[in-house]
Amino acid sequence: MEVVFKNGHLQELYTTGKSSKYKSVPPKVVKKLPLAVRILQQLEIIQDIWKYPGYNFEKLKGTNQYSMRMDRTWRLIMEIDWTNEEKTVGIIGLEDLTHHYE
């Protein structure tokens, strides 16, 4: 699968481990991010992610988005481009769900 970052700040966090926009991301999530991206890049199709149950991959109800759990509150949120028959393209963002259920 081809991975495209939703914004430059997330790509900076991925490549350097630091970003001004994502400074509140816990070190555990920063450390886990490169592995999650590498796993996504190795997938032929997005459904292959179910081979990695620790990420709790799921389709988000009422949206065209999918979620991978990075920790208790942080998620990689993906929009999937299904139009490319050669390879799936995932546009990823990182979200904190701390206040999501309030």
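This passage describes the strand pairing, helix packing and selected residue environments of a predicted model.

The model is a prediction, and its chain has an average pLDDT of 89, with 90% of the residues scoring at least 70. Among the elements of the chain, the highest mean pLDDT, 96, belongs to helix H1, whereas the lowest, 90, belongs to strand S2.

The strands, five in number, are arranged as an open sheet of mixed pairing, in which the order is S1-S5-S4-S3-S2. Its edges are formed by strand S1 (2-5) and strand S2 (58-59), each of which pairs on one side only. In general, the strands of a sheet are paired through backbone hydrogen bonds, in either a parallel or an antiparallel sense. Strand S1 runs parallel to strand S5 (residues 89-96), and four bridges are found between these two strands. Within this pairing, Phe 5 has Ile 92 of S5 as its bridge partner, and Val 4 lies opposite Ile 91 of S5.

On the other side of the order, strands S4 and S5 are paired in the antiparallel sense over eight bridges. Two of the residue pairs that link S4 with S5 can be named individually: Asp 81 is the bridge partner of Val 89 in S5, and Ile 77 is that of Gly 93, also in S5. The pairing of S3 with S4 is likewise antiparallel and comprises five bridges, and the two strands are joined by a hairpin of four residues. Ile 77 of S4 also stands opposite Ser 67, a residue of strand S3. Strand S4 is largely enclosed by the rest of the structure, because six of its eight residues are buried.

Both helices considered here are in contact with strands of this sheet. Helix H1 (residues 8-16) lies across S1 and S5, and its direction makes an angle of about 85° with S5. Helix H2 (residues 27-42) is packed on the sheet, where it touches S1, strand S3 (65-69), strand S4 (74-81) and S5, and it runs at about 25° to the direction of S4.

The helices also pack against each other. The arrangement of two packed helices is described by the angle between their axes together with the distance between those axes. For H1 and H2, the axes come within 8 Å and the crossing angle is roughly 100°, so H1 is roughly perpendicular to H2. On the H1 side the contact involves Leu 10, Leu 13 and Tyr 14, which meet Val 30, Leu 33, Pro 34, Val 37 and Gln 41 of H2. Classified by residue type, this contact between H1 and H2 contains seven nonpolar residues and one polar residue, with no charged residues.

Val 37, which belongs to helix H2, takes part in this contact with H1 and is also in contact with residues elsewhere in the chain. When residues up to four places away in sequence are not counted, Val 37 touches Val 3, Phe 5, Tyr 14 and Ile 92. Its relative accessible area is 0%, and Val 37 is therefore buried, the criterion being a value under 20%. Although 33 residues separate Val 37 from Val 4 along the chain, the distance between their C-alpha atoms is 9.8 Å.

A second buried position is Ser 67, for which the relative accessible area is 3%. With neighbours within four places in sequence left aside, Ser 67, a residue of strand S3, is in contact with Asn 56, Phe 57, Glu 58, Leu 60, Arg 75, Leu 76 and Ile 77. Ile 77 therefore appears in this list of contacts as well as opposite Ser 67 in the pairing with S4. Another of the residues touching Ser 67 is Asn 56, which is located in the loop between H2 and S2. With a relative accessibility of 37%, Asn 56 counts as partly exposed. Most residues other than glycine have a negative phi. Asn 56, although not a glycine, has a positive phi of about 45°.

How values were computed. Residues numbered from 1 in each chain as written. Predicted model: local features only at pLDDT ≥ 70, side-chain atom pairs only at ≥ 80, totals over all residues. Heavy atoms only, no water. Pairing = 2+ DSSP bridges. Contact = heavy atoms within 4.5 Å. Axes fitted to C-alpha atoms, helices over the stretch in contact; angles between N-to-C directions. Parallel < 35°, antiparallel > 145°, perpendicular 65-115°, else oblique. Nonpolar A, V, L, I, M, F, W, Y, C, P; charged D, E, K, R; others polar. pLDDT = per-residue confidence, 0-100. Buried < 20%, exposed > 50% of the residue type's maximum accessible area, 1.4 Å probe, protein only.
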